[in-house]
Amino acid sequence: MERGEIKRVKALPAQGLARHHFSQIGVNGLGDPLNAYAHSMAWYQGHLYVGSTRSNLCMLKVSKISTSLGQWPVECPDSLYSQDMRSQVWRYSPVTGVWEEVFRAPWITGRNGQRLPREMGYRNMTVFQGRSDREPSLYMATYSPAQGIGTQILRSTDGLDFQPVTKPGDWGDHVTTLRLLVPFKGRLFTAPTGKKDGNPNSIGNALIYETDDPVLGQWRIACTPNFGDDTNAGVFEMLGCGDWLYAATANNKGFQLWRTRAEGTAPYHWERVLVQGAFRGPHNQGVASLCAFDGALYVGTGIQHGGIDVANKIGPASPELIRVHEDGSWELLVGTARQTVHGFKKPLSGYLPGFDNLFTGYFWRMAVHEGWLYLGTFDWSLMLQYADQDKWPDFFRRIVDRVGIDRIMSQQAGADLWRSPDGENWLPVTRNGFDNHYNYGIRTLVSTPHGLAVGTVNPFAPKVALRGEDGWSYQENPRGGMEVWFGRSGGQ
């Protein structure tokens, strides 16, 4: 797509899940099934913006991330970049029901001389007004190829033209992705997430940067490196709640949660709130989502790579939901009862980890809409059919054999979306990826004046592996590619 050209598609007619007033407004990657992740989302200037990440399972196949798959789930080309890996930005008007492709990453020449997309993904969006912004602007965090120019932050003042602004820190091309863009007290905070050795989720150290003017690129380090603990491998989630900015680290001994009022001169004073994964240890390796609701911070945990970190021999284990109050006290809402240095903790909801679901890898995204807390999950049960069962732990094999893979697939597969009025009593909106088990993750949730927007993860396209009488074959998948759903206001 040339600069300035806008590609439009009509939204699909409302369908499915009428009892919850959710309708499907985008399907098959918005007409391009390589759009696998609705990886970022924001409400800006009367439109819903969605940034895609492309062909994630093919990216995973060529990465250095260890997996336990025997059959690869999708058909991939011999060269990843023989397919168009340029990330896209789309926007949707709830008034007209029309989608527009407003931006596509440009091509560049990589360090190896190969033609590459400048970005393969847009991992975060936020609306922020810095000192050089005449009005609130749309900022976007990028995911760069390993042989590319490294991650950068893009900015748009009209929702159509996106231009790079100065990178935080002296990173060069070593850092490939950012996951966070967090406005707080007139400043924008971020942290490096992935590096060019093929790991998009761990930089190996925990650093936070801040600026009040991203256009001029005046970034400052906002914390002591690693918070003084070299076992912290990165800052994976960050959010302002009340007077505090919270940051959660990834740590193989269990995540740590820190907070600061961000007052005075950077680097600020930070205090530790939680350690050792809220005393669950490695099974709370990291924090996948944070949300402020009714004056408290909600913490959704997870293990990287879908709930099973093969390289570090952590998992499988399902996530927990924790509530942290302004005075630093905390409660276990969903999870495993245990004794801690803060007393005995039991799940106030009555649910075990993953809402009683062994196959939940993360509590991936949370949002507040019309007085309800919504929580979306990642469910990896779909991958059982592709797994190398010889690598399964004995206890896990016994569970699967007792239930049966076909039964798990028919009754379990597909991401969950839950909602709660108080954080303790929960109702399911969907338990099967909005009736599509290829929607195995809910990655984005955004409250808008017109309803709750939901973006899914669905990388099972264009061709997915299916097993028949003659073995495995790759077949076109009409249900592949990210989807976007809308919960209309007044329908909750």
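The exercises below, each with a worked solution, deal with aromatic pairs, strands and cysteines in a predicted model.

**Exercise 1. Classify the ring pair of F355 and W418, and state which parts of the chain the pair ties together.**

Solution. A pair of aromatic rings is described by the distance of the centres and the angle of the planes. Begin with the distance: the ring centres of F355 and W418 are 4.2 Å apart, and ring centres must lie within 6.5 Å to count as a pair. Continue with the angle: the two planes stand at 15°, and planes under 30 degrees apart count as stacked, so the pair of F355 and W418 is stacked. Next, locate the residues: F355 belongs to helix α3 (residues 353-356) and W418 to strand β31 (residues 417-420), so the contact ties together parts that are 63 residues apart in sequence. Finally, consider the accessibility, for which the limit of buried is under 20%: F355, at 2% relative accessibility, counts as buried, and W418, at 1%, counts as buried too.

**Exercise 2. Carry out the classification for W364 and F378, and name the cluster that contains these residues.**

Solution. The centres of the two rings are 5.4 Å apart and the planes make an angle of 85°; since an angle over 60 degrees counts as edge-to-face, W364 and F378 form an edge-to-face pair. W364 is found in strand β29 (residues 360-369) and F378 in strand β30 (residues 372-379), so this pair ties together parts that are 14 residues apart in sequence. Both W364 and F378 are buried. As a last step, the cluster can be listed: Y37, Y362, W364, F378, Y438, Y440 and F460 form one aromatic cluster.

**Exercise 3. Describe the sheet that contains β19, β20, β21 and β22, and identify its edge strands.**

Solution. First write down the order, which is β19-β20-β21-β22, an open sheet of 4 strands with antiparallel pairing. Then look for strands with a single partner: β19 (234-241) and β22 (271-274) are such strands and stand at the edges, so one side of each is left without a neighbour in the sheet. On average, and with direction ignored, neighbouring strands of this sheet are turned by 30° against each other. Within the sheet, strand β20 (residues 244-250) and strand β21 (residues 256-260) run antiparallel and are joined by 5 bridges, and A248 stands opposite L257 in β21. A ring contact can be added here, for R259 lies over the face of W244, at 3.8 Å from the ring centre.

**Exercise 4. Decide which of the cysteines C58, C76, C241 and C291 are joined in a disulfide, and give the handedness of the bond.**

Solution. Start from the cut-off, by which two cysteine sulfur atoms must lie within 2.5 Å. The sulfur atoms of C58 and C76 are 2.2 Å apart, and a disulfide joins these two residues. The torsion about their S-S bond is about -95°, so the disulfide is left-handed. C58 lies in helix α1 (residues 56-62) and C76 in the loop between α1 and β5 (88-93), so the bond ties together parts that are 18 residues apart in sequence. Turn now to C241, which is in no disulfide, as the nearest cysteine sulfur, that of C291, is 8.8 Å away; for C291 in turn, this distance to C241 is too far for a bond. C241 is buried at 8% relative accessibility, and C291 is buried at 7%. The count for the structure therefore comes to 1 disulfide.

Notes
Residues numbered from 1 in each chain as written. Predicted model: local features only at pLDDT ≥ 70, side-chain atom pairs only at ≥ 80, totals over all residues. Heavy atoms only, no water. Phe/Tyr/Trp six-rings, centres within 6.5 Å; stacked < 30°, edge-to-face > 60°. Helix = DSSP H or I, 4+ residues; strand = E, 2+ residues; numbered from the N terminus. Buried < 20%, exposed > 50% of the residue type's maximum accessible area, 1.4 Å probe, protein only. Lys NZ or Arg CZ within 6 Å of the ring centre and 35° of its normal. Pairing = 2+ DSSP bridges. Axes fitted to C-alpha atoms, helices over the stretch in contact; angles between N-to-C directions.
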